[in-house]
Amino acid sequence: HNLAVLYAQTGHVNEGMLAMERAKIFGPPASIIFANSALMYFEGGWVEEALRDAKRGVELSPPKPTDEGAEPLKTAGYIHSRLALAMLQAADGHPENALPYYREMLEVEPAHGAASPNACFAQKLMDIGPKELLEQRQKWHKAHGWKGKYWPHKNDKTPDRQLRVGYVSGDFKAHSAAMIFAGPSL
């Protein structure tokens with residue numbers, strides 16, 4: 001399993017998928033293996049296989065960590081399996097199927113770095129009204145909003161001043177927003 005992940009992270013997705021198949025055959029069935037397998041299949045363009053493995057990962061995931069008798073260390077398998085399935089459902093054009101998984105994750109970990117913004121994004125792909133959109137965004141703000149002290153801006157308001165503009169984003173990897181800023185070299 002670890003070798004498969006290493007292959008995938010170094011750009012050798014096909015070798016990663018082969019190693020992952022071996023992990024699924026020879027290792028004990030585990031939600032994390034099927035979740036990672038799903039993500040690799042999706043990266044390789046095998047959408048049906050990706051969805052199949054993501055669903056299997058959720059089936060194999062441990063009980064909800066807030067349920068009685070659940071082990072705290074099992075939270076990662078619970079969260080990761082749902083994250084994989086939710087991301088794949090949304091990418092496959094079914095955000096309405098993704099949203100319940102994001103919400104399950106947020107019940108366990110309200111400030112999850114991927115589930116929280118992705119739940120907001122999935123809603124934008126659905127026919128949801130402003131009330132539901134605001135509700136999800138308020139949950140995001142409660143978990144991620146600035147909690148420190150606000151300081152007044154000390155901007156120079158002179159009209160002839162030099163203006164500096166910056167842009168910071170997590171989307172500068174393989175995302176359409178990155179292509180806007182990268183120029184013709186891509």
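How many residues apart are K139 and E135 in helix α8, and about how many helical turns separate them? The two are 4 residues apart, so about one helical turn lies between them. The views below come from a predicted model.

**View 1. A salt bridge joins K139 and E135 in helix α8.** Helix α8 covers residues 130-144. The side chains of K139 and E135 meet at 3.9 Å, N to O. That distance falls within the 4 Å cut-off, so the pair counts as a salt bridge. K139 is partly exposed, with a relative accessible area of 45%. E135 is also partly exposed, at 43% relative accessibility.

**View 2. The whole chain is built from helices, with 0 strands.** The protein chain holds 9 helices. Read from the N terminus, the elements run α-α-α-α-α-α-α-α-α. The chain has 186 residues, and 32% of them count as buried. The salt-bridge count comes to 6.

**View 3. E21 and K24 pair within helix α2.** Helix α2 spans residues 13-26. The salt bridge between the E21 and K24 side chains is 2.7 Å, N to O. E21 and K24 are 3 residues apart, so about one helical turn separates them. Are these two residues buried or exposed, or partly so? E21 is partly exposed, with a relative accessible area of 26%. K24 has 16% relative accessibility, which is under 20%, so K24 counts as buried.

**View 4. K24 also forms a salt bridge with D53.** The closest N and O atoms of this pair are 2.4 Å apart. The bridge links distant parts of the chain. K24 sits in helix α2, D53 sits in helix α4, and 29 residues separate them. D53 counts as buried because its relative accessibility is 2%, under the 20% limit. Which residues make up the salt-bridge network here? The network links E21, K24, R52 and D53. K24 takes part in two of the pairs shown, one with E21 and one with D53.

**View 5. Helix α3 packs on helix α4.** Helix α3 runs over residues 31-43, and helix α4 over residues 47-60. Two packed helices are described by the angle between their axes and the distance between the axes. For α3 and α4 the angle is about 165 degrees, and the axes lie 7 Å apart. Why are these helices called roughly antiparallel? The angle is over 145 degrees, so α3 is roughly antiparallel to α4. The crossing of α3 past α4 is left-handed.

**View 6. Helix α2 packs on helix α3.** Here the angle is about 150 degrees, with the axes 10 Å apart. This angle is also over 145 degrees, so α2 is roughly antiparallel to α3. α2 passes α3 in a left-handed crossing.

**View 7. L3, L6 and Y7 make a nonpolar surface patch.** The patch measures about 280 Å². One of its residues, L6, lies in helix α1, residues 2-9. L6 is partly exposed, with a relative accessible area of 47%. Patch residues need over 30% relative accessible area, so L6 meets that cut-off.

**View 8. G113 sits in the loop between α6 and α7.** Helix α6 covers 95-108, and α7 covers 115-124. Is G113 buried or exposed? G113 has a relative accessible area of 58%, over the 50% limit, so G113 is exposed. Where does A143 lie relative to G113? The two are 30 residues apart in sequence, and their C-alpha atoms are 9.6 Å apart in space.

**View 9. Q123 is a buried residue of helix α7.** Its relative accessible area is 1%, under the 20% limit, so Q123 is buried. The view also includes E96. Q123 and E96 are 27 residues apart along the chain. Their C-alpha atoms are separated by 7.8 Å.

Definitions and conventions. Residues numbered from 1 in each chain as written. Predicted model: local features only at pLDDT ≥ 70, side-chain atom pairs only at ≥ 80, totals over all residues. Heavy atoms only, no water. Patch = residues over 30% accessible without salt bridge, like charges linked within 9 Å, V, L, I, M, F, W, Y side chains within 5 Å. Areas by Shrake-Rupley, 256 points an atom, 1.4 Å probe, with all protein chains shown as cover. Buried < 20%, exposed > 50% of the residue type's maximum accessible area, 1.4 Å probe, protein only. Axes fitted to C-alpha atoms, helices over the stretch in contact; angles between N-to-C directions. Parallel < 35°, antiparallel > 145°, perpendicular 65-115°, else oblique. Left-handed = near helix turned anticlockwise from the far one by under 90°.
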